[in-house]
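The following report sets out local features of a protein model. It proceeds from backbone geometry to charged pairs, helices, surface and confidence.

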Amino acid sequence: MSNRSWGWFEIFNVWANDIQSLFGYTLAASLFLTYGLNGWLVFAAIILSGFIVMVLVNLSGQPSVRYGIPYPVFARTSMGVRGANFPAMVRGIVAIFWYGAQTYFASTAVDLLITGVTGIEGGASFLGMTLIGWISFALVWLFQLYLFWNGIEWIRRFLNWAGPFVYLVMIILAIVIVLRAGSGLFTELGDIFAAQQEPEGGTLGAFLAVTGTMVAYFAAVVINFGDFSRFVRSEREMKIGNLLGLPVNMVIFSFLALVITAGTVALFGEHLTNPTDIVERVDNLALTIVAAVIFFTATVGINLVANFIPPAFDLANLWPEKINFRIGGLITAIAAFFIGGLWVSLISQMGITGFVNTLGAILAPVYGIMVLDYYLIKRGKLDIQELFSASENGTYWYVDGWNTRALIAWLPAAAFSIASVWVPALDALSGYAWVIGALLGAGFYYVTMRKMKHAIGESA
């Protein structure tokens, strides 16, 4: 317990930084505009999704609080000592990909700050980025690596500072937008809160689509939430942090995004959901500085939380004799540097939505398998010594270190959830791919495991 220094406030800030990224802002603002729903129903969907995600992470985080183990180790209970490397590395690859992309996005905020303050133009372009862009990218990359290299306590301190600070500057930005927009703001808010058209698929379908979209946004962190909950002092503090950080935090931030977005219509005559577009339209140095600080802080926050720590743990778990947590983080940073550096010229041209949704669909059954295994098969009881045992007679060794029944359950669940993303006939289910995959994974796993004498009713 000596290394468990996190309380509810740290967990709250995990979610605050996760939500308050460039993509998180754009998503929250666009949900009020793209589905044709009454604004109150959008808020209701956001609140519902917050509670759903809260329940999901309370379930996946509890074993890590109780036993002090990260996600890759927890995965061994259901997937096997060796088999756990598969879901851990898939999650790690997704995180590395997003880490590079988010590092690039954060660097655009630094680029904005440098050019806004100095007036220096970017200069010649290389791989889609100017000289100022590359300098900004390198600075963000080094800053994140510095925080990581100094340990989880430094990351905790940064998150504790970043979360409240982002809220402060978001409120300031909203006030400035409101003052400049004047009475036109309330007209635009009224239009948003009154549905202007019949939602495609009906009101219920649009409501569920908004809910499913928000749940899917947090899917990756839901899987590896144990990487953070293992540092929490008690399960009670974890639950309080999740309550305040998810449904409560999401509503407040979404409202701020809504006000700022409505203000852009009054000021510029069009809906702007991309924060960088808003800054470009506002010819005000003070606002440019404030906005750049917001975007940098929020995006670095989510990068540390969701995209740096998980693959560092995953790589360390893959080869513990050679790779520790720091070396895993260094490998992550190096790989992400090339991903971020090639983002503009190459990777962004490939289309990220299908790629990320597909990987999320692959991971979804893993969540269902792990949670069902822990609560219904293992009855919430684990043998920590056996989790780290390579003995062929070990409880979690299964068959050559792999739980083949978990893989059998994963395969059809992942196949269907992936199909819901790519098969046109299943297009109506694409927004629920993660939920479908998790439910199918849990169901198939229970069917394959229920006849195992050593698994049912016995703790590992």
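Arginine 379 counts as partly exposed because its relative accessibility is 48%, which falls between the 20% and 50% cut-offs. The model in which this value was computed is a predicted one. Arginine 379 is found in the loop between α17 (352-377) and α18, and its phi is positive, about 55°, although it is not a glycine. Most residues other than glycine have a negative phi.

Aspartate 400 also has a positive phi of about 55° without being a glycine. Aspartate 400 is placed in the loop between α18 and α19. At 52% relative accessibility, aspartate 400 counts as exposed, since the threshold for that class is over 50%.

The loop between α18 (384-387) and α19 (404-422) also holds asparagine 403. Is asparagine 403 buried or exposed? Asparagine 403 is buried, its relative accessible area being 1%. Beyond its neighbours within four places in sequence, asparagine 403 is in contact with Ser78, Met79, Gly80, Tyr398, Tyr445 and Met449.

**Charged pairs**

Side chains of opposite charge can pair when their charged atoms come close. How many salt bridges does a search of the whole structure find? The search finds three salt bridges. They are listed below with the N to O distance and the relative accessible area of each partner.

| Acidic partner | Basic partner | N to O distance |
|---|---|---|
| Aspartate 373, 0% | Lysine 378, 5% | 2.7 Å |
| Glutamate 237, 15% | Arginine 233, 39% | 3.2 Å |
| Glutamate 235, 27% | Lysine 239, 40% | 3.4 Å |

Aspartate 373 lies in helix α17. Aspartate 373 is buried, with a relative accessible area of 0%, and its salt-bridge partner lysine 378 counts as buried too, at 5% relative accessibility. Not counting residues up to four places away in sequence, aspartate 373 touches Thr77, Ser78, Lys378, Arg379, Tyr445 and Met449. Arg379, one of these contacts of aspartate 373, is the loop residue with the positive phi described above. Ser78, Tyr445 and Met449 are among the contacts of aspartate 373 and are also among those of asparagine 403.

In the pair of arginine 233 and glutamate 237, the side chains meet at 3.2 Å. Arginine 233 is partly exposed at 39%, whereas glutamate 237 is buried at 15%.

Both members of the remaining pair are partly exposed, glutamate 235 at 27% and lysine 239 at 40%. Why are glutamate 235 and lysine 239 separated by about one helical turn? The reason is that glutamate 235 and lysine 239 are four residues apart in helix α13. An α-helix has 3.6 residues a turn, so residues three or four places apart point the same way.

**Nonpolar surface**

Helix α13 also contributes to a nonpolar surface patch of about 370 Å², made by Ile47, Phe51, Leu243, Val248 and Ile252. The elements that give two or more residues to this patch are α3 (39-67) and α13 (235-268). With three residues, α13 gives the most. Valine 248 lies in this helix and counts as partly exposed, at 37% relative accessibility.

**Helix spans and buried residues**

Helix α7 (residues 131-149) has 19 residues, and at 1.5 Å a residue these should span 27 Å; the end C-alpha atoms are 27 Å apart, which agrees. Buried residues in α7 are Ile132, Gly133, Trp134, Ser136, Phe137, Val140, Trp141, Gln144, Leu145, Leu147 and Phe148.

Helix α16 (residues 325-341) reaches 24 Å from its first C-alpha to its last over 17 residues, close to the 24 Å expected at 1.5 Å a residue. In α16 the buried residues are Gly328, Gly329, Thr332, Ala333, Ala336, Ile339, Gly340 and Gly341.

**Confidence of the prediction**

The protein has a mean pLDDT of 79, and 82% of its residues reach 70 or more. Which helix has the lowest confidence, and which the highest? Confidence is lowest in helix α14 (residues 275-281), at a mean of 66, and highest in helix α5 (residues 76-79), at 91. Over residues 453-460, pLDDT stays under 50. For that stretch, residues 453-460, the model has 19 contacts beyond four places in sequence.

Definitions and conventions: Residues are numbered from 1 along each chain as its sequence is written. This is a predicted model: local features need pLDDT of at least 70, side-chain atom pairs count only at pLDDT 80 or more; totals for chains, interfaces and linings use all residues. Side-chain values use heavy atoms; hydrogens and water are left out. Patches are made of residues with over 30% relative accessible area and no salt bridge: like charges are joined within 9 Å, nonpolar side chains (Val, Leu, Ile, Met, Phe, Trp, Tyr) within 5 Å. Accessible areas come from the Shrake-Rupley method with a 1.4 Å probe; for residues, only the protein chains shown count as cover. A salt bridge is a side-chain nitrogen of Lys or Arg within 4 Å of a carboxyl oxygen of Asp or Glu. Buried means under 20% relative accessible area, exposed over 50%, partly exposed in between (1.4 Å probe, protein chains only). pLDDT is the predictor's confidence in each residue, from 0 to 100. Contact means heavy atoms within 4.5 Å. The expected span of a helix is 1.5 Å times one less than its number of residues.
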